[in-house]
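Dear colleague,

Please find below the structure that I am handing over to you, together with its sequence. My account of what was found in it follows directly after.

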Amino acid sequence: MSLEAAAASARGGFACMFSSSEEFETALISERRAQGRYDQRRTRWPAILFIGCSLMVAGTVLLFS
């Protein structure tokens, strides 16, 4: 009797608290956001590169027209 009770309690220790992997991923991402791991650092490099490329294209068009 006690052996069956010990086996049942041991099986309960392996139970997962999430019913699906989606729940686990959502909880993991929420926890990491709370820790500040996914902070959004705004960089200006994309805007600077876009303006630079636009100026080069405009200069090339003006040069050959």
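I begin with helix α2, which covers residues 21-35. At 1.5 Å a residue, its 15 residues should span 21 Å, and the end C-alpha atoms of α2 are indeed 21 Å apart, so expectation and model agree. Directly after α2 comes G36, which has a positive phi, near 90°.

Please note that this is a predicted model. The protein chain has an average pLDDT of 85, and 88% of the residues score at least 70. Confidence is lowest in helix α1 (residues 2-13), where the mean is 70, and highest in α3, where it is 95.

As to the overall make-up, the protein chain contains three helices and zero strands. Read from the N terminus, the order of elements is α-α-α. Of the 65 residues in the protein chain, 0% count as buried. The accessible surface amounts to about 6,500 Å², and carbon and sulfur atoms account for 64% of that area.

Helix α3 comprises residues 45-64. Its 20 residues, at 1.5 Å each, should span 28 Å; the end C-alpha atoms lie 29 Å apart, which agrees. This helix is hardly covered, with zero buried residues among its 20.

One surface feature deserves your attention. Which residues make the nonpolar surface patch? They are W45, I48 and L49, and the patch measures about 360 Å². I48 lies in α3. Because its relative accessibility is 47%, I48 counts as partly exposed, the class that lies between buried, under 20%, and exposed, over 50%. As a general point, an α-helix has 3.6 residues a turn, so residues three or four places apart point the same way.

With kind regards

How values were computed: Residues numbered from 1 in each chain as written. Predicted model: local features only at pLDDT ≥ 70, side-chain atom pairs only at ≥ 80, totals over all residues. Heavy atoms only, no water. Patch = residues over 30% accessible without salt bridge, like charges linked within 9 Å, V, L, I, M, F, W, Y side chains within 5 Å. Areas by Shrake-Rupley, 256 points an atom, 1.4 Å probe, with all protein chains shown as cover. Salt bridge = Lys/Arg side-chain N within 4 Å of Asp/Glu carboxyl O. Helix = DSSP H or I, 4+ residues; strand = E, 2+ residues; numbered from the N terminus. Buried < 20%, exposed > 50% of the residue type's maximum accessible area, 1.4 Å probe, protein only. pLDDT = per-residue confidence, 0-100. Expected span 1.5 Å × (residues − 1).
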